[in-house]
Amino acid sequence: MDDKYHPKKIEPAWQRIWEERGAFRTLQRPERPSFYVLEMFPYPSGKLHMGHVRVYAIGDLLARFQRMRGREVMHPMGWDALGLPAENAAIKDGVHPQERTRRNIEGVKAQMKMLGLSYDWDREIATCDPDYYRWNQWFFLKMLERDLVYRRKSLANWCTGCKTVLANEQVIEGRCERCKSTVVQKEIPDWALRTTRYADELLEGLDRLPKWPERVKTMQRNWIGRSEGCDLVFPVEDDKIEPIRVFTTRADTVYGATYMVLAPEHPGVAALTTEAQRAEVEAFCERMSRVDKAVRTDVDTEKEGVFTGSFAVNPFTEERIPIWIANFVLAEYGTGAVMSVPAHDQRDFEFAKRYGIEIRVVIQPQADDRLEVETMKEAFVEDGVLADSGPHSGMRSAGAREAIGAAAAEAGRGGPAINYHLRDWGVSRQRYWGTPIPIIHCERCGIVPVPYEDLPVELPPEAPLTGTGEPPLAKVASFVQVGCPACGGAARRDTDTMDTFVDSTWYFCRYLDPHAERAPFARQSADTWLPVDIYVGGPEHAVMHLLYFRFWYRVMRDMGLVGGDEPVDKLLTQGMVVRDSYFCPEHGYRALEDVDGRSEGAPRCSQCGAELVVRLEKMSKSKLNGVSPEAVFEQYGADTMRLFCLFAAPPEKDIDWSDEGVNGCYNFLRRLWRFFVRHRARFEVARELDGPVDEKQLADDLVAFHRQLHRCVQKVTRDIEQEYQFNTAIAAMMELLNATRVLDDLPAAEDGDPAAREGLKLLQLCGRKLALMISPFAPHFAEEAWKLVGTGGLASEQAWPDFDPAATQQDVITIAVQVNGKLRAQVEIPREASAEEMEAAARADEKVQKWIRDKTVRRVIAVPGRLVNIVVA
């Protein structure tokens, strides 16, 4: 080892050695248990940011640790390479998405190698490769055969200026981000996957995922949104028009339904609108098409609507009730129509008050208070006792819901039903940089699948990317015009591409056999490696990606491609990397170099002098508060950057970026380096010494250190393997390094002095265990240290250090002291203390005395090794 720590010198050298030796290549060694570590693969938009570094540092730590634990580790990496950003960039600057994406992949891959990440690059995939998206198309056709794919019409964002469909992120406050024209909702044909067929299974499966974060499972449960209720059919007064079907979880309130409301996008709006109301209805619907749905349904948004001119008939009261259209109902939830019960639903109450619609109380509280419409200031939404509800009056709500559902079924007016918030997955996109949908449209034969032998249907590189008019693929005649595989006549290819979420639903399986040509992957490989043992990524993917991920796995299971029900055993979601941002009211976000007075705690804009608003926000280019990984690498090296990302907070918490914290991690590695350098000569002598340390030959302080060393290994092992608390594992190693000062004055092992010999063996043991423990955190550093103290080979190839359970036992332990069951103090006692000694120590504590002084002690309960509970009068 050099005398000084030079990460820029050692890190590239070890990266070359790892690559030359194929150190992280996954081998087929049946004698080793398999372990699959997966991080969510990145979209190669440019450069890695610190959020990426944190994810990959966590995944790499786990992969390296599991290798050292004797497992055969699968740790692959690839590229979620298709998507809208590259297409938008191409429209802006003329660089083809293929060229930009390949260039970005090379740049990000170089950054990953700079970080020393232990990926098996032989398994690298990119979703923009035809060899990959061929299998997207293969799955699409297989699902079509299973009736899991179907053609439908759905609403999309339509730019009135560009004359094209826009993604949600391209719509800014109701206008196209490119041309600023108004964006409206337009009905277009698309392809959808029947995710709802698996709704119950996806929901129930969450209960069998004990190693997933509860917040992720809760988000998925809410998104699936299973509701038990009742379908009710409301005839329309004009019997030529189809009855209106609604889903409700409050069938007990049906006698209070005094009007109906449809979503502006409901397919029955045109037929229900009378000529006298048509102009007003159409104007309202057109205006609503320009309002974001989240804004429309926000609780603070004013409820507004328009009368259609038509009436329905309440199937239980047989009264005619008006049919309205309102902003707070969405076509995609339930049936897009609701029965409105203003006395017992707050939105309906506000709407009825605004438009003067009758409010009728049909649920009374179970207490003595009786509701009167005239005095109601808000809706009564709780369960209660039915009133003015015909034969159901006097029933409690829960029983009435069952009775009314049964009555509806008997009368042919609906009946008990289950509804889901989850909708079928629309996978069509009117864009270029995605997987072409493998369908041919023939006037004679209709929809014809592309034959499997003709896959992949490749993206034509000459497609013009303008962002306007019809989809890019529709503008390439050589792509569109094709012979029908069924009849040989003239036909047209489908010009849509697939949602890029398709790419990320099964990519983890392609890693198993990235070069397979006869199938997407082999079943034998799936049986060996799946489910993924641990999946690391951001909680922002909790719903869409992870839900589609689970859906697709079940489809593959039903196709016989995989076993089991779930793709991932443990999900680890990491927090964000956040940093102060500085916002100027005049000039927007400011970079640090444009901020004055920061050190004085009064930051001001250097350009205009305005006081800046300081916010702790996620690192972002747009907020000018990011930190370049290259800049940190240049100053401190990759190991310091990795160490900080692992030490600054537990994985699930946000990291508050701190330059001082980064410097602290760097100084820790420098101090650790100095430890190895300081004892370099002793390590050379100690190489000749074998066998365990004999504590009987050691002084008391060295015995204590020996036991601390074993406790450190125990804690680091547990914190990585069981607790996933990497910050506390690092803290334990920092404490151990501080304690190594006791080794500085070891005597030379001369004349066969047993105390000196055992001291050197302890030093050697400490050096080896520290070198190996630090390896998953700071792998380049560890290789240098192991070269000095080890027994040959790479540190990353060694077995994880063990510990002696007997040596981890402490002579002194801390117990809790309770008074009347409440924690009042903690005291230290000898491990073998008797119940009487525990009681005496507890009574002697000053904090405890305050709670028992002048009181009668009725009894004392002592639980050996854990607590003392003093019960006082």
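# Strands, a helix crossing and enclosed spaces

User: What makes strand E5 (residues 149-159) and strand E9 (residues 183-193) a pair?

Analyst: In this predicted model, E5 and E9 are joined by 11 bridges in the antiparallel sense. Two strands count as paired if there are at least two bridges between them, so E5 and E9, with 11 bridges, qualify. One of these links is Leu-155, whose bridge partner in E9 is Glu-187.

User: How do you know which strands are the edges of the sheet that holds E5 and E9?

Analyst: The order of the sheet is E6-E5-E9-E19, with antiparallel pairing. Strand E6 (164-166) and strand E19 (425-426) each pair on one side only, and these are the edge strands. The sheet of 4 strands is open.

User: What makes E21 and E22 a hairpin, and how many bridges join them?

Analyst: Strand E21 (residues 439-442) and strand E22 (residues 446-449) run antiparallel and share 4 bridges. The threshold for pairing is at least two bridges, so the 4 between E21 and E22 meet it. There are 3 residues between E21 and E22 in the hairpin. Within it, Ile-440 has Val-448 of E22 as its bridge partner.

User: How do you know where helix H2 and helix H21 touch?

Analyst: The axes of H2 (residues 50-68) and H21 (residues 700-723) come within 11 Å and cross at roughly 115°. The crossing is left-handed. On the H2 side the contact is made by Leu-61, Leu-62 and Phe-65, and on the H21 side by Thr-717, Ile-720 and Glu-721. These residues are said to be in contact because they have heavy atoms within 4.5 Å.

User: Why is the H2 and H21 contact divided into nonpolar, polar and charged residues as it is?

Analyst: The division is 4 nonpolar, 1 polar and 1 charged. Leu, Ile and Phe count as nonpolar and Glu as charged, so Leu-61, Leu-62, Phe-65 and Ile-720 fall in the nonpolar class and Glu-721 in the charged one. Thr is on neither of those lists, so Thr-717 is the polar residue.

User: What makes the largest cavity a cavity, and which residues lie nearest its centre?

Analyst: A cavity is a set of points where a 1.4 Å probe fits but cannot get out. The structure holds 4 cavities of 30 Å³ or more, and the largest has a volume of about 130 Å³. Its lining has 19 residues, with Glu-87, Thr-164, Val-165, Gln-430 and Gly-467 nearest the centre. Helix H3 (84-93) and E6 each give two or more residues, and H3 gives the most, with 4. By class the lining has 6 nonpolar, 8 polar and 5 charged residues.

User: Why is the lining of the second largest cavity counted as having 1 charged residue?

Analyst: The lining consists of Pro-42, Tyr-43, Pro-44, Ser-45, Gly-46, Lys-47, Leu-48, His-52, Trp-79 and Val-108. Charged means Asp, Glu, Lys or Arg, so Lys-47 is the charged residue here. The rest divide into 6 nonpolar and 3 polar. Gly counts as polar, so Gly-46 belongs to the polar class. The volume of this cavity is about 40 Å³.

User: Which residues lie nearest the centre of the second largest pocket, and what makes it a pocket?

Analyst: A pocket, unlike a cavity, is an open set of points. The second largest one holds about 540 Å³ of space. It is lined by 22 residues, with Phe-247, Thr-248, Val-338, Asp-345 and Arg-347 nearest its centre. Strand E11 (244-248), strand E15 (337-340) and helix H11 (346-355) each give two or more residues; E15 has the largest share, 3 residues. The lining divides into 10 nonpolar, 8 polar and 4 charged residues.

How values were computed. Residues numbered from 1 in each chain as written. Predicted model: local features only at pLDDT ≥ 70, side-chain atom pairs only at ≥ 80, totals over all residues. Heavy atoms only, no water. Axes fitted to C-alpha atoms, helices over the stretch in contact; angles between N-to-C directions. Left-handed = near helix turned anticlockwise from the far one by under 90°. 1 Å grid on protein atoms, 1.4 Å probe; cavity = no way out; pocket = protein on both sides within 12 Å on 5 of 7 lines; lining within 4 Å. Points joined across faces, edges and corners; volume = space filled by probe spheres on them.
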